[in-house]
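Let's take a friendly walk through a structure together. Have your viewer ready, and we will go from a single residue out to the whole chain.

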Amino acid sequence: MDQSGKRKLEDKSVPVKIKLALLWAALMFLYVYNDYFSMYLPGTIEDMSTGQIGPLGDATEMVLVSVSMILAIPALMVFLSAALPATYSRWLNVILGVAYTIIEALTITMPHLFYQIVVVFEICVTLSIVYYAIRWPKEA
């Protein structure tokens with residue numbers, strides 16, 4: 001109870017592994033929403049039906065494999081952040097968090113404001129991943 005006699009809300013500390021996993025999941029949701037809303041732009045569906053993938057051009061096998069890998073890594077990091085030993089998880093989160101911040105910085109030049117706003121959120125998420133991983137508490 002607090003000083004006024006009211007019961008305080010339970011507020012347990014969330015383990016870093018869980019914070020990191022949730023941040024990777026949030027990043028994936030931001031990716032999905034940005035791509036989904038991009039489909040409402042005039043010409044997007046037509047371009048997709050002719051094998052064009054936005055600014056990347058032709059949807060070649062290599063382009064699709066590359067984009068798939070870029071999107072699969074955050075999905076795997078949801079699990080790996082929680083499952084790997086702390087030392088490995090920490091460094092993998094730092095390295096991939098920085099890498100994805102760079103990737104997002106390269107996409108912020110897209111011409112649509114809604115896309116840029118979501119990319120800013122994506123950058124905040126990946127920088128938070130790096131922050132939490134670097135500041136991972138040490139055992140006493």
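In which helix is the place of Val118? Val118 sits in helix H5, which covers residues 113-134. Please keep in mind along the way that this is a predicted model.

Is Val118 buried or exposed? Its relative accessible area is 17%, and the cut-off for buried is under 20%, so Val118 counts as buried. To see what surrounds Val118, set aside the neighbours within four places in sequence: the contacts are then Leu30 and Asn34. Leu106 makes a useful reference point as well. It lies 12 residues from Val118 along the chain, and the C-alpha atoms of the two are separated by 13 Å.

Asn34 gives us a good stepping stone to the next stop, Ser38. The backbone oxygen of Asn34 lies 2.7 Å from a polar atom in the side chain of Ser38. So Asn34 appears twice in our tour: as a contact of Val118 and, through its backbone oxygen, as a partner of the Ser38 side chain.

Where is Ser38 itself? Ser38 belongs to helix H1, made up of residues 16-38. With a relative accessibility of 14%, Ser38 is buried because this value is under the 20% cut-off. Once residues up to four places away in sequence are left out, Ser38 touches Thr44, Phe114 and Tyr115.

Now let's zoom out to the whole chain. How many helices and strands are there? The chain has five helices and zero strands, and its elements run α-α-α-α-α from the N terminus on. The radius of gyration is 19 Å, well over the 14 Å that the globule rule gives for 140 residues, so the chain is more spread out than a compact globule. If you align the C-alpha trace with its principal axes, the spans are about 65 × 40 × 20 Å.

How does this look in terms of contacts and burial? Of the 140 residues in the chain, 25% are buried; Val118 and Ser38 are among the buried residues. Taking contacts between residues at least 6 apart in sequence, 69% join residues at least 24 apart.

The surface and the charges round off the picture. The accessible surface of the chain comes to about 9800 Å², and carbon and sulfur atoms account for 69% of this area. As for charges, the chain has 9 positive and 11 negative ones, and their mean positions are 24 Å apart.

Conventions
Residues numbered from 1 in each chain as written. Predicted model: local features only at pLDDT ≥ 70, side-chain atom pairs only at ≥ 80, totals over all residues. Heavy atoms only, no water. Helix = DSSP H or I, 4+ residues; strand = E, 2+ residues; numbered from the N terminus. Rg over C-alpha atoms; globule rule 2.2 N^0.38 Å. Buried < 20%, exposed > 50% of the residue type's maximum accessible area, 1.4 Å probe, protein only. Contact = heavy atoms within 4.5 Å. Areas by Shrake-Rupley, 256 points an atom, 1.4 Å probe, with all protein chains shown as cover. Lys, Arg positive; Asp, Glu negative; His and termini not counted. Charge placed at Lys NZ, Arg CZ, Asp CG, Glu CD. Polar contact = N/O pair within 3.5 Å; in protein donor to acceptor, adjacent residues only side chain to side chain.
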